[in-house]
Amino acid sequence: MNQSPYELELKGCAPEPLMAYLKALGIFRLVAEQKDKDARAWWRNDSFFLRSSLDRDSLASFFLNEYRPTPIVSPWNGGSGFHPKDNSEAMDTIFKLDSPRFQLWNEVISTSRQILARQGSNKKEWVLAQCRTWFPDDALDWLDSAYILTSDGSKFPPLLGTGGNDGRLDFSNNFMKNVVLAFNLDAKRNGAAITVNQLVAALFNEGSPDLLRRSSGFYNPGSVGGANSSVGFDGDALTNPWEYVLLFEGALLFAGAAARRLSPQASSKAVFPFTVDNSAAGYGTSVDSEYGNSARAEFWAPLWSQPTNLLELNRLMSEGRAQLGKRQVSSGANFARAVAGLGTERGIAQFQRYGFLARNGLAYLAAPLGRFYVREDQGTAQRANVLFDLDVWLDNLRRQATGRNAPASLGTALRQIDQAIIEFCQRGQPRDLQNVLIALGHAERWLSTSSLRKGAYPTPPLNNLSRDWLRYADDQTAEFRLARALSSILPVEKDIKPLVGPIRENLEPVESPQRQRTEWKEGSTSFVWTAGDTLSNMLAVLERRCIEGRMNNLNYPPLDSVYSARLNDITAFLNGRVDTQRIADLVLPLSFVRHRRRPETGESFQQHTPLDLPTAYTAMKLTLLTERFNCPKFGEARDIRMEPQMLALLRAGRVKDAYHVAYRRLRASGLQPVSNTPGIADRSEQGRRLAAALLFPLDGGSHQAFAQRALRPPSDTEAELQLAELSSDS
């Protein structure tokens with residue numbers, strides 16, 4: 001019966017670098033398998049805690065005197081010690097040992113030599129299959145972690161390079177060399193005290209152990225050596241042999257399980273636990289090329305906060321996947337979505353994200369890419385579900401970005417999207433979802449000028465986002481409300497045939513021959529939004545829609561919309577108190593939403609006329625109504641014909657002349673404007689801003705509200721009106 005458990009904080013273990021993380025798992029696995037099956041471990045405040053029957057001294061004694069190393073060999077690799085030109089000194093030392101601690105290892109070495117001696121084939125695939133067939137069952141953990149055999153050939157986990165090696169560095173041979181050093185098996189050395197110091201440093205981060213000139217591979221970027229790594233021009237790669245040994249013991253927990261993970265949607269990397277394709281976003285050193293060959297993969301290291309036994313941890317690691325609906329995630333950005341959507345295994349509090357990236361020349365390093373926190377927040381999970389609308393479109397973009405001769409600008413666009421998605425999944429705020437929309441809009445604009453929209457496998461426009469995007473992206477700002485109103489301007493149809501398209505056709509070269517689908521359109525005459533400033537683009541859209549309205553003999557300008565703008569927001573726009581660039585960035589992606597002729601739940605707000613809303617705006621807007629003017633206070637209902645010619649005058653800054661056009665149209669319609677002067681000076685900027693504001697759609701209540709500002713009721717006598725006009729002219 002075990003004595004009362006001891007709780008130890010292993011300060012030598014941490015979530016980063018990757019070596020320290022894997023070392024923690026190795027310590028726990030070995031203690032639980034070889035000493036105390038009731039041992040438990042967990043993470044707290046970036047430290048690793050172990051609860052077992054071992055106190056501090058007995059834990060060190062266990063590793064020095066009882067620990068049986070896992071027989072890690074890779075006869076399929078050059079440099080593994082099995083081939084004529086290999087350095088086999090460490091393997092020979094281990095093979096000569098007559099100790100129960102190394103008995104299984106000796107059997108595996110002997111079996112490997114027999115396989116290679118048969119010379120059935122020199123191909124790596126044949127050796128891999130033979131090892132799987134003839135290795136003892138107790139020695140299969142390394143094989144399960146190093147590779148899996150599938151109908152499409154062998155698959156290698158990025159966590160262990162390409163089958164237990166990284167370039168010319170064979171992990172198994174290096175592991176044997178470090179075992180010899182850690183166990184002080186080399187008769188040429190007298191290093192018992194050194195070995196103890198190295199073990200204590202590995203466990204508890206105490207003392208100043210002697211580090212050996214030996215590479216730890218990509219698991220500890222800070223110790224790879226090279227230029228500027230130490231005092232002087234160059235430095236050696238330094239390693240504590242116990243840390244190297246224990247990190248590989250921990251890596252064995254991440255065994256692939258192809259039978260459960262391989263699917264048509266999964267990438268070759270996703271068949272291994274917590275491993276996905278790289279998303280070059282969410283960290284400061286990301287570059288566009290990391291969507292190609294300069295990034296091997298991403299690894300999301302789970303950190304759990306509750307004491308867990310080895311059986312539970314093995315279950316977590318063997319399952320080791322994140323889901324988005326029924327699909328397995330395949331990229332870093334999608335893994336972030338799964339974390340936000342609670343689509344990961346329960347019990348994980350955080351993930352330490354690593355990228356296997358090309359750094360230090362052509363070498364790959366396990367670079368820490370930040371920490372992700374699992375939120376037990378159903379609201380965040382629900383908001384993250386809107387990202388499902390992007391799956392097909394984004395998958396298409398990712399395939400294009402990783403293809404041969406992919407344009408660098410596509411990597412930039414995709415990185416911006418992934419960056420926004422990762423930040424949204426981490427914080428979940430409306431502003432963050434708006435940034436996702438803005439990144440989508442930028443990518444769509446790039447796509448509209450790219451050759452990727454043509455060819456045998458074209459990338460179509462993004463279609464049919466759900467209305468939930470509008471709800472979850474609403475940060476209660478004027479910019480969002482104004483962009484939403486613009487984006488919801490509807491098409492005009494007759495017998496289901498579109499006469500004038502939705503505003504999206506003015507924002508990019510597309511058409512909607514069917515209501516449910518938007519397609520690219522070559523040579524579109526409706527598309528007028530350019531790289532110019534926001535005010536000019538809004539005015540161009542308004543002019544184009546008025547022209548198309550007249551071409552189709554419409555009585556009213558095609559500005560009917562699902563959402564209406566608030567007069568307070570329009571006033572702020574006219575006075576320069578809103579961010580017009582953010583409106584421009586949002587209007588296109590918000591037009592991807594499936595707008596319908598009326599929202600299911602319309603907004604209800606009072607449209608009081610702001611005191612500083614210009615009379616000129618109210619009078620001009622009355623000539624651009626989308627329905628009959630119907631305000632009993634000003635007489636019977638009547639049509640007011642649109643007057644688009646005033647827009648050209650506003651573009652030129654001739655505000656007074658533009659107002660006179662509107663003034664005459666109102667008089668011709670039987671209405672009496674309060675003044676024949678606009679009250680606004682002739683200035684180019686003010687004229688363009690006033691013209692742009694006329695594009696914002698308003699509801700009927702708003703029409704009545706600003707009619708009271710622009711018009712006199714019919715009770716005024718004609719003489720009084722004429723006198724007022726003469727007085728104004730003078």
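This section describes the fold, the core and selected local features of a predicted model.

The protein has 730 residues, and buried residues make up 56% of them. Its secondary structure comes to 28 helices and 24 strands. Among contacts with a sequence separation of 6 or more, 72% join residues 24 or more positions apart.

Two of the sheets are described here. Strands of a sheet pair through backbone hydrogen bonds, either parallel or antiparallel. One open sheet has four strands, in the order β1-β3-β2-β14. Its pairing is antiparallel. The edges are held by β1 (6-10) and β14 (308-309). Each has a single partner strand, so one side of each is left without a neighbour in the sheet. Within this sheet, β2 (residues 40-44) and β3 (residues 47-52) are joined by five bridges. W43 stands opposite F48 of β3. Helix α1 packs on the sheet and touches β1, β2, β3 and β14. The direction of α1 makes about 5 degrees with that of β3.

A further open sheet also has four strands, ordered β12-β13-β17-β18, with antiparallel pairing. Here the edge strands are β12 (275-276) and β18 (364-373), and each pairs on one side only. Nine bridges connect β13 (residues 295-304) with β17 (residues 348-358). A295 has L357 as its bridge partner in β17. Helix α1 (residues 18-34) packs on this sheet too, touching β13, β17 and β18. Its direction makes about 50 degrees with that of β13.

In soluble globular proteins, nonpolar side chains tend to be buried together. The largest nonpolar core of the model contains 214 residues. Y21, F63, W469 and I570 touch the most other members. Helix α1 gives this core its largest share, 11 residues. The contacts of Y21, leaving aside residues up to four places away in sequence, include A14, P15, W43 and F254. They also include F299, A301, P302, L303, W304 and M317.

Aromatic rings also pair in this model. There are 33 aromatic pairs in the structure. One of them, F102 with W105, is stacked. The ring centres are 6.3 Å apart, with 20 degrees between the planes. Both F102 and W105 are buried. Charged side chains lie over rings at two sites described here. The charged end of R337 sits over the ring of F388, 5.2 Å from its centre. R689 lies over the face of F573, at 5.4 Å from the ring centre.

Some backbone features stand apart from the usual pattern. Most residues other than glycine have a negative phi, and most peptide bonds are trans. The peptide bond from E16 to P17 is cis, with omega near 5 degrees. P17 is found in the loop between β1 and α1. N184 has a positive phi, near 55 degrees. This residue belongs to the loop between α7 (171-182) and α8 (192-204). N184 counts as partly exposed because its relative accessibility is 24%, and partly exposed residues fall between the limits of 20% and 50%. Q476 likewise has a positive phi, near 60 degrees. Its loop runs between α17 (468-472) and α18 (478-487). Q476 is exposed, since its relative accessible area is 56% and the cut-off is over 50%.

Note on methods. Residues are numbered from 1 along each chain as its sequence is written. This is a predicted model: local features need pLDDT of at least 70, side-chain atom pairs count only at pLDDT 80 or more; totals for chains, interfaces and linings use all residues. Side-chain values use heavy atoms; hydrogens and water are left out. Rings of Phe, Tyr and Trp (its six-membered ring) pair if their centres lie within 6.5 Å; planes under 30 degrees apart count as stacked, over 60 as edge-to-face and the rest as tilted. Buried means under 20% relative accessible area, exposed over 50%, partly exposed in between (1.4 Å probe, protein chains only). A charge sits over a ring if NZ of Lys or CZ of Arg is within 6 Å of the ring centre and within 35 degrees of the ring normal. Two strands pair if DSSP finds at least two bridges between them. Helices (H or I, at least four residues) and strands (E, at least two) are DSSP runs, numbered from the N terminus. Contact means heavy atoms within 4.5 Å. Axes are lines fitted to C-alpha atoms, for helices over the stretch in contact, and angles run from 0 to 180 degrees between N-to-C directions. A nonpolar core is a set of buried Ala, Val, Leu, Ile, Met, Phe, Trp, Tyr and Cys residues joined through side-chain atoms within 4.5 Å.
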